[in-house]
Amino acid sequence: MSTSKGVLFFRLMLFALSGALIAFLALVTRACCAYIGGGFHARAFLEKLPALPPSLFKSLTLPLLLLIAMLALTLIRERWTHAGKPRTAALLWPLDLLLCAGILVCTEFSFSGVMLLGVTNAIVYFSLDSKKGMLLLVPMLILYLLVDYSLLSPLMPLTSLNTYVDMLPRVARALVYAARNIMTSMVALLTILLTVQIARRQARENKRIAELNQQLTRAADELRLANLQLHDYAERSIEMGRVRERNRLAREIHDTIGHTLTAISTGLQAVRATLSIDPIRSAEQIDRIAELASTGLTDVRRSVRELRPDALERHTLIGALANMADQLQSSTGTELTLDVDPVRLSGDEEETIYRIVQESATNAIRHGHAKRIRVRLKQFDTHILIEIWDDGDGCQDVEEGFGLSHIRERVESLGGLMMHVGNHAGGFRVCAHLTLRKGVEL
């Protein structure tokens, strides 16, 4: 996560104080060596040392260079973090361990506080709430406790700073110890302040994320409510459209059939009154009534034709069924095969057959999950046979819904018969017989 200016300031202060403490320890070591060399105890002192005193390059120059490299690496990672690459910045964290280890070796483990730089970097670049952050932080803290002179001196030749300082006069020795303790305490204090600052920043970030989550939840709830309202509005709009269409058709039928039937009724009453008196005039009146009835029948046909599916208005029955098959194949992947004889039917018969195929295919896909549907239409001398098979799930106990009930009513209104058969093994079959009508076509 990105760091704030306050966190970066504490980190820079920690680097500066660590550099000052490294320089202080190196210079104190050199000053002690110079003081001891000017006295009469140099030979005895050197014989007690497990190793020769480090050079100024090793104890001062090289540790400071490593510290500067660590600082440069930190600044580079800050730039990457602000550029939106926090993961890349975090991947460089193992280099902190190597640089801290180099500084520890150069200073002969006299300044273990340098490990706190690696600890703070781990805290900055890895969230403490994550498992990865805890898995990195815990080993760092354990390593910080282990890289202590008193623990490592029995294992390798190390010379403690106390060995050099104990050779100084009492006042000088007290001043050196006081300065070292103050600086070490300041490093620990800065680390604590930095950790508190990071914790406060992370708490603010968590609070902001929680508020954003609440806003997203509220927005999702509002969007869900808006969708429900939109769905309800769409249903009401559809229902209002249906009501308007029904009212329009009712007015149309009332205006045409009502007017025609009224005129026919009135004309017949007039014919009845004049039939015995003036047969010729009555015959002419009957002709006019028949013409009026024919005109009314034409108006009824026009009104009924407006209820036909759009596909039947643009295509023949076979063309409309073929178009339905293409749409099903492209939209659902279901294959609809047609075995249809060329037939000559009235408008309402064509519409009934089209609706039977349409509803059967819809049920096969929606309820049976069918992948293949076969439609067979055969015309005989007295009737038409419509059969629809599918390879869907199948069902023996079928409860007719609105679609099947409406189709059955259509078929029975034309003097036909409809049945359906299904089984649990799979597949469903719808069969309808339509009696060929003779006479007037509506």
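Helices here are DSSP runs of H or I with at least four residues, strands are runs of E with at least two, and both are numbered from the N terminus. Serine 59 is placed by this scheme in helix 3 (residues 56–82).

The model is predicted, so local features need pLDDT of at least 70 and side-chain atom pairs count only at pLDDT 80 or more, while totals for chains, interfaces and linings use all residues. Residues are numbered from 1 along each chain as its sequence is written, and side-chain values use heavy atoms, with hydrogens and water left out.

**Chain and serine 59**

The protein chain has 15 helices and five strands. Of its 442 residues, 35% are buried (under 20% relative accessible area; exposed is over 50% and partly exposed lies in between, with a 1.4 Å probe and protein chains only). Serine 59 is buried, at a relative accessible area of 8%. Setting aside neighbours within four places in sequence, serine 59 is in contact (heavy atoms within 4.5 Å) with Ile22, Ala26, Pro54 and Cys106.

**Cavity**

A cavity is a set of points on a 1 Å grid over the protein atoms alone where a 1.4 Å probe fits but cannot get out; lining residues have an atom within 4 Å of a point. Points are joined across faces, edges and corners, and the volume is the space filled by probe spheres set on them. One cavity of 30 Å³ or more is counted. The largest cavity holds about 130 Å³ of space. Its lining has 14 residues, and those closest to its centre are Leu25, Thr29, Thr107, Glu108 and Ser110. Helix 1 gives the most to this lining, with four residues; helix 1 (5–37) and helix 9 (161–165) each supply at least two.

**Salt bridges**

The whole structure has eight salt bridges, defined as a side-chain nitrogen of Lys or Arg within 4 Å of a carboxyl oxygen of Asp or Glu. Three are tabulated by N to O distance.

| Acid | Base | Distance |
|---|---|---|
| Glutamate 205 | Arginine 208 | 2.7 Å |
| Aspartate 221 | Arginine 224 | 2.8 Å |
| Aspartate 391 | Arginine 372 | 3.4 Å |

Aspartate 391 lies in the loop between strand 3 (383–390) and helix 15 (402–413), and arginine 372 in strand 2 (residues 372–379), so this pair ties together parts 19 residues apart in sequence. Glutamate 205 and arginine 208 both lie in helix 10 (residues 170–274), three residues apart, about one turn of the helix. Aspartate 221 and arginine 224 are also three residues apart in helix 10. Aspartate 221 is partly exposed at 39%, as is arginine 224 at 49%. A network of salt bridges links Asp339, Asp341, Arg374 and Lys378.

Definitions and conventions
On a 1 Å grid over the protein atoms alone, a cavity is a set of points where a 1.4 Å probe fits but cannot get out, and a pocket is an open set with protein on both sides within 12 Å along at least five of seven lines; lining residues have an atom within 4 Å of a point.
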